[in-house]
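Thanks, everyone. I'll keep this brief. Have a look at the chain on the screen, and then I'll walk through a few places in it.

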Amino acid sequence: MYVTMKQEVFNIYRGFPLIFKQIPFACPLLFILFVSMVPIYSQDTSLSILSKQAILRKEQLRFVHVEADLSITVNATTNAASCIMQLAGRDSLSMEIAGPFGISVARLFSNSEVFVFHDMLQGRAIEGTPSRERLSEVTFLPLSFDDYVSLFRAEPPGNIRLFSPVESYIDSVKLLYKRSIDQSATEFLLCNKHDGTIREYQRKNKSGIIELSMIYDKYSIINGIPMPGIVTLSSPLRGVSLTVSAQSITVNDTIPTVMRFPLPASIKPLRMD
């Protein structure tokens, strides 16, 4: 029996050259098949789940409408307000802030090309390129348009593939990633290892000082998508912090035909470039 099996195995191996001669691609195909069957124990499944969550939100989160209470602190002075925020995919956003008794005090519209800020208390309007530098001059928050739509959709800003794991961070339910922005800043992303939802985002300057921090809490599933109920934003260098406590969140309702609000005819916006 042993001799017979040995001979059969020999015959099989002897036939391989003939197979490869008749099918030129057999060798690389068999190699690929072999490699695909080997367990990849070093695969970073944490980044995979983070990517899956980001892809889910990118593909399915078409429109968000949030009505929220705000707690705004500027230079140690805290005020309460409310807001209505709308995000149409990653294309545009609008926000209206109201003070006591529901009186509107400010409005913001932005897309990737232009922003319009309407200061209703002072009867003025400003428009310009929605870069981080320009927008922060009117909102006091160090956020560009891409930062706004990404972070308020609870998504990583920029290219998620550039984040790498911080191996020294060990936690049973959370994963930590970092990404360097040239030499000017480093971003940190803390996410839930079970569903990939963001729990905290930080941006530090080259001196290691926190420029921006956002904490996400009280997630709930709305129309199949996990959405944070409380978002806390702080910018220590600017002395600004903001807590957004959602009272109502709707996902993927009908997108308004017009997101940009009209300005009063008497107001000519000041251009910032």
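One cut-off before we start: a residue is called buried when its relative accessible area is under 20%, and exposed when that area is over 50%. Keep in mind that this is a predicted model.

Start with S213. Is S213 buried or exposed? Its relative accessible area is 8%, so S213 counts as buried. S213 belongs to strand β11. Which residues does S213 contact, once its neighbours within four places in sequence are set aside? There are E200, Y201 and Q202. Then there are T232, L233 and S234.

Now follow that strand to its end. β11 covers 210-222, and β12 covers 225-235. N223 sits in the loop between β11 and β12. S213 was buried. N223 is exposed, because its relative accessible area is 53%.

What does N223 touch, not counting residues up to four places away in sequence? N223 touches V251 and N252. Take V251. In sequence, N223 and V251 are 28 residues apart. In space, their C-alpha atoms are 6.3 Å apart. There is also a polar link here. The N223 side chain reaches the backbone oxygen of V251 at 3.0 Å.

Next, helix α6. α6 runs over residues 145-152. How many of its eight residues are buried? Seven are, so by the under 20% cut-off the helix is mostly covered. Let me name them. F145 is buried, and then come D147, Y148 and V149. S150, L151 and F152 complete the set.

A general point on helices. An α-helix has 3.6 residues a turn, so residues three or four places apart point the same way.

Now look at either side of α6. Before it comes a loop, between α5 (132-139) and α6, and F140 is in that loop. The phi of F140 is positive, near 65 degrees, and F140 is not a glycine.

After α6 comes A154. Where is A154? In the loop between α6 and β7, and β7 is 164-165. What is the phi of A154? It is near 60 degrees, again a positive value in a residue other than glycine. A154 is in a loop, and A154 is buried, because its relative accessible area is 4%.

To recap. S213 in β11 is buried. N223 is exposed, and its side chain reaches the backbone oxygen of V251. Helix α6 is mostly covered, and A154, with its positive phi, follows it.

Technical notes
Residues numbered from 1 in each chain as written. Predicted model: local features only at pLDDT ≥ 70, side-chain atom pairs only at ≥ 80, totals over all residues. Heavy atoms only, no water. Helix = DSSP H or I, 4+ residues; strand = E, 2+ residues; numbered from the N terminus. Buried < 20%, exposed > 50% of the residue type's maximum accessible area, 1.4 Å probe, protein only. Contact = heavy atoms within 4.5 Å. Polar contact = N/O pair within 3.5 Å; in protein donor to acceptor, adjacent residues only side chain to side chain.
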